[in-house]
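Work through the exercises below with the sequence and the 3D structure open beside you. Try each task before reading its solution.

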Amino acid sequence: MERDSSGGGDSSRKEQREGQQCNGNSDGSAFAPSDLQSNDDDPGLRRKIRSKYRDLINSMQQNREDLLNPSNNRLTEVLEEANNLFKDVRQTREAALDAQLLVVASDLGKEKASQMLADGTAFDTAMFTERLLSFMGINRLEDDDDDDDEQKGGANKGYLPADAWHRLASRAECCFRTAPSFHFMRGSFHAEPPPPKQKVVRQSRAPTKETTRAMPTQMKKMVESHQEATEKEVERILGCLRGYHQQDPLTPISYYEFVIDPTSFSRTVENIFHTSFLIRDGWAKMFLDDDKLPCIAPVEDDEDKGQGSSSCKQCIVSISPKMWKDLIDALDIKNPLIRAPDTQTE
Amino acid sequence: MTQRKRATPSSQRQHGVSALQEDEDDIPFTQPSTSQVQKALENVTPAQLDHKASEVVQYFLVKQQKKIPVRRADLVKHVVKEYRNIFPEIMKSASKTLDQVFGLKLVEIDNKNHLYILISKLENVDGPHTSVSSPKVGLLFVILSVIFMKGGVVRENVIWNTLKKLRVDPGEKHAEFGDVKRLVTDEFVRQRYLECVRIPHTEPVEHEFHWGQRAELEVSKVKLLEFLGQLHDQDPQLWSQQFKEAHSSVNPPSS
C-alpha cells in the first residue's frame, strides 16, 4: 500500500490505532447509530480525509523535482490544499497525518530555499571543471573527426596527463593547514601487530629438538678445550715454579716476583689466576717470609697435598694496574719469571 | 557489546562519560575535577609527567599519518594508563610541546565524544614544496570548493557529476584514486574533511555533503577563494557572499 519513507509515520499510525480504540471505549459510542451523523466521529468522512492526506503526501514525494523547481509555486499550492483538508480534521489520527505532511513539505521548503541561495551566487560547476581541466594540463586533441567529438560534447575532448592531479594538489595544498605526517627516515617495521604467531611456533618445534641434541656434544668439546687449556697452563706454571725452586731450594720465591709480568698487566692477572689453581689443589703453598712478604713454593712429594684442610686458609688476591706498576717499581722486576706460552714454542 | 560495557560501575556513569565504542575494556574515563588533579599531582614527579606527556605527543604524531581523529578513550587506555588522574595536566603539557616544538595545534573537535586532531599552526610558505603532495588533496579541494561555493551543502549527485566531468567516475575504478566512492564517503568522512548526512524522506536514500570539522579548521577559505579567482580569471570579491563568509570566519592560528 502506501509506504511513507519516514519510519515515524508507521509508529504514529499504530499509536493512532490504539488511541482510536481508547477513544471508542471512553466515548462508549463508537458504533452507536446517533454518532454516525456527527462530523466528529464519522468514520466514512475520516477515511476520506486520511486517504486524501496520504495521496497528497505521496504526490509530494513523487513530484519532488517539480515542487523544487524555483519557477513555480507548486509547494505553496500543496500547503493550501493541506490547509483545506485540515478544516475537517477532528481526531488525532488525521491530525497526525497532517503533521506528517507538514514534515515532508518543510523538508522540501528547506531544500528549495537552499537552492535559491545557490543560484544567487552564480557558481557554475561546468565552468569550474573546464578551468580545472585546463589547469591540470589537459591535452585537447587535434582531431580528424571533428563531427564525432562535437556530438559527444566538449567535456569528452582530450585526455589528462598522468600528473594532472598532482599538479592540482600542489597548488591546492597551500589552502590547507595540514599537520605534516611523521615518518621514520629509514622506515619502520609494520605498525600493525604481526599475524598470529602460533603457526610459526609449531613449525619450528621439530628443528629445535634436533639442535638441542646437537648442542651438548658441541658444548662438551668446547668446555673440554677450555679446561685443557687451563690445565696445561697450570701445569706449565707448576713446572716453572719447580724449576726455580730446584735452582735454589733455600731461597723463597717472592710471590709477586713470580706472577708479575712487567710487560703485560693482563698476563699478570692470568698468572695469578693459574697460580691460584696450584694452591687450591695443593701443588704449591704460599707463606709469609721474614719480611712479611708473600712467597710461593712447590709442595714436595712427601708433604701432604691439601689434605690438611683444617690448616688451609683462603685469601683473595686482587690487583689493579696501579698496584701492578707500584709492585714493578718496588720490587724492580725486569723480566717475567713465567714465560708467556707463545715464547715456549720458539 | 557496548551495552554490556556500559554496565560497569554506575558511579562513573555520570557526566562526561564519553560515548563508548568497540574496544573499551576498562572503566569509562571521566575527566577528573581540578581538585582531584591537584591532589594526584602531589604523587607524581615532574619527570614522570614529562615522560607521559612525551608519549602522548608521540602517539599523536604517529596517528597523524592516517589523519583519523584520536579518541580520548584510546589515549587513556593505551598511553596515559595509570596516570589518568592527571590527564588534564598531561594534555596541557603535551599540547604545549606540540605547539612549541612542532608548530602544531591540538584541537578537540568533538566535545561530546572527545576526539582530537592536529593542525599546523604555521602559515604555508608559497613556493615549491619539498615533499610530494598526495593527489587526494586535489580531489578534496575540488569537492570542498564545490560545497563552499554552493552555500555549504550539496547533494551527492552534484559532487558525482562534477567529478565525472573531471574524468573521475565513482562507479569505475580510477587509475589514481581507486575506489573513488569509498575514498569520498568513507576515508574523507572518517578523517573529518567531509560530513555525509542522509537526506530524510528520500527513496532511494540520498546524501548531502558538508564541510567536516577538520576542513573547517584546516582549510583557509580565503586562500581557496583566491585560487578559484585565479582559475576563473575573476576577482574573488565578485563572489560577494562567499567572500564575506571567508573573511568573517578567519580564525587566526593563535596559540
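The exercises cover strands, the contact between two chains, salt bridges and cysteines in a predicted model.

**Exercise 1. The sheet in chain A**

Task: Find the order of the strands in the open sheet of three strands in chain A, and state which strands stand at the edges.

Solution.
Step 1. Strands of a sheet pair through backbone hydrogen bonds, either parallel or antiparallel.
Step 2. In chain A the order is β1-β3-β2, and the pairing is antiparallel.
Step 3. The edge positions belong to β1 (253-254) and β2 (284-288) of chain A; each has a single partner strand, so one side of each has no neighbour in the sheet.
Step 4. Now follow one pairing in detail. Five bridges connect β2(A) with strand β3 (residues 294-298) of chain A, in the antiparallel sense. Opposite A:Phe287 stands A:Cys295 in β3(A).

**Exercise 2. Two partners of one strand in chain B**

Task: Strand β8 (residues 207-211) of chain B pairs with β4 and with β7. Determine how many bridges each pairing has.

Solution.
Step 1. Take strand β4 (residues 154-155) of chain B. Two bridges join β4 to β8, and the two strands run antiparallel. The residue in β8(B) that is the bridge partner of B:Arg155 is B:Glu208.
Step 2. Take strand β7 (residues 194-198) of chain B. Its pairing with β8(B) is antiparallel and has five bridges. Here B:Trp211 in β8(B) is the residue opposite B:Leu194.

**Exercise 3. Where chain B meets chain A**

Task: Describe the interface of chain B and chain A by its residues, its buried area and its polar pairs.

Solution.
Step 1. Begin with the residues in contact: 60 in chain B and 52 in chain A.
Step 2. Go on to area. The size of an interface is often given as the accessible area lost when the parts come together. For chain B and chain A the buried area is about 5,100 Å², with 60% of it on carbon and sulfur atoms. On the chain B side, the residues that lose the most area to chain A are B:Leu166, B:Arg167 and B:His201, which together make up 15% of what that side buries.
Step 3. Count the polar pairs. Eleven residue pairs are in polar contact between the chains, and the number of salt bridges between them is two. One of these salt bridges is formed by the side chains of B:Arg155 and A:Glu111, at 2.7 Å from N to O. B:Arg155 also appeared in Exercise 2, as the bridge partner of B:Glu208.
Step 4. Locate the elements involved. Those of chain B that supply at least two residues each to the side touching chain A include α3 (46-63), β3 (115-120), α6 (136-149) and α7 (156-165). The most comes from α6(B), with ten residues.

**Exercise 4. Salt bridges within helices**

Task: The whole structure has 25 salt bridges over all chains. For three of them that lie within a helix, find the spacing of the partners and say whether each partner is buried, partly exposed or exposed.

Solution.
Step 1. A:Glu77 and A:Arg74 form a salt bridge whose closest N and O atoms are 3.4 Å apart. They are three residues apart in helix α4 (residues 74-86) of chain A, so about one helical turn separates them. A:Glu77 is partly exposed because its relative accessible area is 39%, and A:Arg74 is partly exposed at 25%.
Step 2. B:Glu89 and B:Lys92 meet at 3.6 Å, N to O. They too are three residues apart, in helix α5 (residues 87-102) of chain B, which puts them about one helical turn from each other. With 18%, B:Glu89 is buried; with 55%, B:Lys92 is exposed.
Step 3. B:Glu218 and B:Arg214 meet at 3.1 Å, N to O. In helix α9 of chain B they lie four residues apart, about one turn of the helix. Both residues are buried.
Step 4. For practice, locate a network of salt bridges in chain B: it links B:Lys136, B:Arg182, B:Asp186, B:Glu187 and B:Arg190.

**Exercise 5. Cysteines**

Task: How many disulfides does the whole structure have? Is A:Cys240 buried or exposed? Is A:Cys315 buried or exposed?

Solution.
Step 1. The search over all chains gives zero disulfides.
Step 2. Buried means under 20% relative accessible area. A:Cys240 has 15%, so A:Cys240 is buried.
Step 3. Exposed means over 50%. A:Cys315 has 59%, so A:Cys315 is exposed.

Notes
Residues are numbered from 1 along each chain as its sequence is written. Chains are lettered from A and ligands numbered from 1 in the order in which they are written. This is a predicted model: local features need pLDDT of at least 70, side-chain atom pairs count only at pLDDT 80 or more; totals for chains, interfaces and linings use all residues. Side-chain values use heavy atoms; hydrogens and water are left out. Two strands pair if DSSP finds at least two bridges between them. A disulfide is a pair of cysteine sulfur atoms within 2.5 Å. Buried means under 20% relative accessible area, exposed over 50%, partly exposed in between (1.4 Å probe, protein chains only). Contact means heavy atoms within 4.5 Å. Buried area is the accessible area (1.4 Å probe) that two parts lose on being put together, summed over both. A salt bridge is a side-chain nitrogen of Lys or Arg within 4 Å of a carboxyl oxygen of Asp or Glu. A polar contact is a pair of N or O atoms within 3.5 Å; within protein, one must be able to donate a hydrogen and the other to accept it, and residues adjacent in sequence count only if both atoms are side-chain atoms.
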